[in-house]
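Open the model in your viewer and set it to show side chains as sticks. The tour below goes from one selection to the next.

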Amino acid sequence: MKNRRRVGAAVAALLLGGAGLAITASPAQAAETTFKVKCVPPAGGGSPVEGETTAKVTAPATAKVGDEVEVSWETVKPASNNTDLMDIPQDSVQPTGWITVGGGGGELKVVGEKKNPPIPKKAPMQMSTMKGKLKLTKAGKITLTPGKYDVAVTFSFGTFVTKCAPVGEVKGGATIDVSAGSSGGTTTGGTTTGGTTTGGTTTGGTTTGGATTGGTTTSSGGSGGGGGQTDFPGKAVEVAFDCGPVVPGGIKTPVTINAKKNGGGYDLTVKTAKGAMAAPMALPAGALKPSMDVKLGGADSGTVKVSGPANAEPIPDKAPVSLSDMTGTYTPGKSGKVTLSPDRLTIDVTMAPGSTPINVPCKAASSGVSLELDTTAQPGGSGSSTGGSGGSGTSGGLAETGAEDEGGIKALALVAGTVVLLGGAVFTFTPWRRLRGSR
């Protein structure tokens, strides 16, 4: 029984450590090398950092021209730890590396599985073994030296990539002794296994960042005014909100604008992604209240303000948080096809009843059309005014709390201590007792 337990423990350690031994006809050989790297987080993720990593490259000791061999890269020692901002979930880290082949003769891309144990704050990063296949087309000694690598981390609100590259020369690595065969040529990198790195271009993040997927939806969700239709569902648009220095990295979330015909106007409902926020501390009821400008285009212009209620229930520590649905009324000022797009967003943070809310203003850095309506002009409609609120939407609000509002920024400059994540973004505020004590 003891022997079985030891074998089981050894197997478990092998799986967690990601030994990544290459399966080849000849015996595999591994070589470790330690080198310095510089890692660049996404925009808003902080300054670049330098560290030291140890990599183990495994490949067959011998092979023949024409063979396709497996090469693996195991991270024995990571260059840095997780930050103190948030825990990294299980099976959310996917590494991708590039191995220099033959001393500058090419690169082999190796990719790891998205497989890791939960990584607490400040704990060492843990990454799966990266693997790839190399087609050998030239006799001689082939050197395999680890080089740059990316680390993609996927959270519920997006995927972020940190890019790392060696600082100075990397010495050491595996060597394959390739004997002559029927074919010749030059060494090539072949193809990789294990999937592709997820992500896109970062809009923000914490420790690791880099890339979130998405695009701009430009197709319309429907057209009003014909056939007795009253409900007009919009399409989800991936929106990147730039919150300036107040929210480093901004906020990214899908936004959908739906409309319901009400007389000559339309009742609008704007929805964001569920669980786009994570609470790192317990938040009281009424702490978070969203509002947004909906931008009009096409035949009409201006904006319509929509707003939502604050959270009705307290939010437990680390619980997922969703912004409430925001509603408002659009009264057309022009006849024709009118497009509706998400624009500026504001989140009011109130830590105690009766306290002055802290306004977090965010401009839509990228957006798209969620809905198109076929409208008929109404008396008192939005007309062609620019920058104002359209229809019956309440004026002011967002326009008064934009990124240029020094009062809002100075108010936020007073707060620090607790991290609130909005998508990939971070802003801070102090619990009310500490703010009250400072007055």
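The stops are a strand and its partners, then the aromatic pairs, then a charge over a ring.

This is a predicted model, in which local features need pLDDT of at least 70, side-chain atom pairs count only at pLDDT 80 or more, and totals for chains, interfaces and linings use all residues. Residues are numbered from 1 along each chain as its sequence is written, and side-chain values use heavy atoms, with hydrogens and water left out.

**Strand β7**

Select residues 130-135, which make up strand β7. Helices (H or I, at least four residues) and strands (E, at least two) are DSSP runs, numbered from the N terminus. Side chains alternate along β7: M130, G132 and L134 point to one face and are buried, whereas K131, K133 and K135 point to the other face and are not buried. Buried means under 20% relative accessible area, exposed means over 50%, and partly exposed is in between (1.4 Å probe, protein chains only).

Next add residues 68-77, strand β4, which pairs with β7 in the antiparallel sense over six bridges. Two strands pair if DSSP finds at least two bridges between them. Look at V71: its bridge partner in β7 is G132.

Then add residues 107-112, strand β6, which pairs with β7 in the antiparallel sense over two bridges. Here G112 stands opposite M130 of β7.

**Aromatic pairs**

How many aromatic pairs does a search of the whole structure find? It finds three. Rings of Phe, Tyr and Trp (its six-membered ring) pair if their centres lie within 6.5 Å; planes under 30 degrees apart count as stacked, over 60 as edge-to-face and the rest as tilted.

Select W73 and Y149. Their ring centres are 5.9 Å apart and their planes are at 80 degrees, so the pair is edge-to-face. Because W73 lies in strand β4 and Y149 in strand β8 (residues 140-155), the pair ties together parts that are 76 residues apart in sequence. W73 is buried at 2% relative accessible area, and Y149 is buried at 5%.

Move to F232 and Y266, an edge-to-face pair with 6.1 Å centre to centre and 70 degrees between the planes. F232 is in strand β11 (residues 231-232) and Y266 in strand β14 (residues 265-272), 34 residues apart. F232 is buried, with a relative accessible area of 1%; Y266 is buried, also with 1%. Add Y330 to the selection: ring pairs link F232, Y266 and Y330 into a cluster.

**A charge over a ring**

Finally, select K148 and W98. The charged end of K148 sits over the ring of W98, 5.1 Å from its centre. A charge sits over a ring if NZ of Lys or CZ of Arg is within 6 Å of the ring centre and within 35 degrees of the ring normal.
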